[in-house]
Amino acid sequence: MEKLQKLELKIINGAYNKKADGIYVGDILSYALVKLKKSNVWVTSQINENVVAIAYKKEASCVILTDGLCLNDEAISLAKEHDINVFSSDKSMYDTIVDLYKTFGGKNE
């Protein structure tokens, strides 16, 4: 997760303490449930409890919300309960993904 520390992300919950192996981008939760892989960074604009539940089930490295979004209160409580790292970027989804692409050296590991 050292790579993620280079990005200007607001910490909503957790810390940069889990291995980040690849990136998944998507807002459709049923797709995320199928496509998100263990240790992936998940970039989304969804802000409800289902995001935390899927991140927990799929053992995601973290969730990055875009456009300055923050989880709702129930989702923050759930993220704390299940130790899910959640960050927020003030940048658009596109710009956040470009930054991640550069940070990961152009590889979706």
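## Starting from S88

S88 is part of strand β5. The model here is a predicted one, and in this model S88 is buried, with a relative accessible area of 5%. The side chain of S88 does find a polar partner: the backbone oxygen of L69 lies 2.6 Å from it.

What else surrounds S88? Setting aside neighbours within four places in sequence, S88 is in contact with E8, L9, K10, I12, L65, G68 and L69. L69 therefore appears both as the polar partner of S88 and in this list of contacts, where contact means heavy atoms within 4.5 Å.

## The aromatic pair beside it

Strand β5 (residues 86-89) also carries F87. How many aromatic pairs does the whole structure hold? The search finds one. Its members are Y16 and F87, whose ring centres are 4.7 Å apart with planes at 10 degrees, so the pair is stacked. For reference, planes under 30 degrees apart count as stacked.

Y16 sits in the loop between β1 (9-13) and β2 (23-25), while F87 is in β5, so this pair ties together parts that are 71 residues apart in sequence. Are these two residues buried or exposed? Both Y16 and F87 are buried.

The loop between β1 and β2 also holds G22. At 0% relative accessibility, G22 counts as buried. The C-alpha atom of G22 is separated by 4.8 Å from that of N40, although the two residues are 18 residues apart along the chain.

## Helix α3 and its ends

Let's turn to α3 (49-58). Its buried residues include V51, V52, I54 and A55. Why do they belong to the same side of α3? They cover an arc of only 165 degrees around the axis, which puts them there together. As general background, an α-helix has 3.6 residues a turn, so residues three or four places apart point the same way. The cover over the buried residues of α3 includes α2, β3, β4 and α4 (73-82).

Both ends of this helix have something to show. At the N-terminal end, N48 acts as a cap for α3, with a side-chain oxygen 2.9 Å from the backbone nitrogen of N50. After α3 comes E59, which has a positive phi, near 60 degrees.

## Salt bridges

E59 has a second role to look at, this time through its side chain. The side chains of E59 and K38 meet in a salt bridge, at 3.6 Å from N to O. E59 lies in the loop between α3 and β4 (62-65), and K38 in the loop between α2 (29-35) and β3 (41-44), so the pair ties together parts that are 21 residues apart in sequence. E59 is partly exposed at 47% relative accessibility, whereas K38 is exposed at 56%.

How many salt bridges are there by the rule used here? The count comes to three. Another of them joins the side chains of K19 and D21, at 3.3 Å from N to O. K19 is exposed, with a relative accessible area of 55%, and D21 is partly exposed, at 27%. K91 forms a salt bridge too, with D99, and the closest N and O atoms of that pair are 2.6 Å apart. K91 counts as partly exposed, at 38% relative accessibility.

## Helix α5

Which residues of α5 (residues 93-103) are buried? They are T96, L100 and T103. Seen down the axis of α5, they fall within an arc of 60 degrees, so they line one face of the helix. That buried set packs against α1 (2-5), β2, β3, β4 and β5.

The other side of α5 looks quite unlike this: Y94, Y101 and K102 are exposed there. Following α5 is G105, with a positive phi near 70 degrees.

## Two cysteines without a disulfide

The count of disulfides comes to zero. C62 is in no disulfide, and its nearest cysteine sulfur, that of C70, is 15 Å away. Because a disulfide needs the two sulfur atoms within 2.5 Å, C70 is likewise in no disulfide, its nearest cysteine sulfur being that of C62.

The surroundings of the two can be set side by side. C62 is buried, with a relative accessible area of 1%, while C70 is partly exposed at 33% relative accessibility.

How values were computed:
Residues numbered from 1 in each chain as written. Predicted model: local features only at pLDDT ≥ 70, side-chain atom pairs only at ≥ 80, totals over all residues. Heavy atoms only, no water. Salt bridge = Lys/Arg side-chain N within 4 Å of Asp/Glu carboxyl O. Buried < 20%, exposed > 50% of the residue type's maximum accessible area, 1.4 Å probe, protein only. Helix = DSSP H or I, 4+ residues; strand = E, 2+ residues; numbered from the N terminus. Phe/Tyr/Trp six-rings, centres within 6.5 Å; stacked < 30°, edge-to-face > 60°. Arc of directions from axis to C-beta. Polar contact = N/O pair within 3.5 Å; in protein donor to acceptor, adjacent residues only side chain to side chain.
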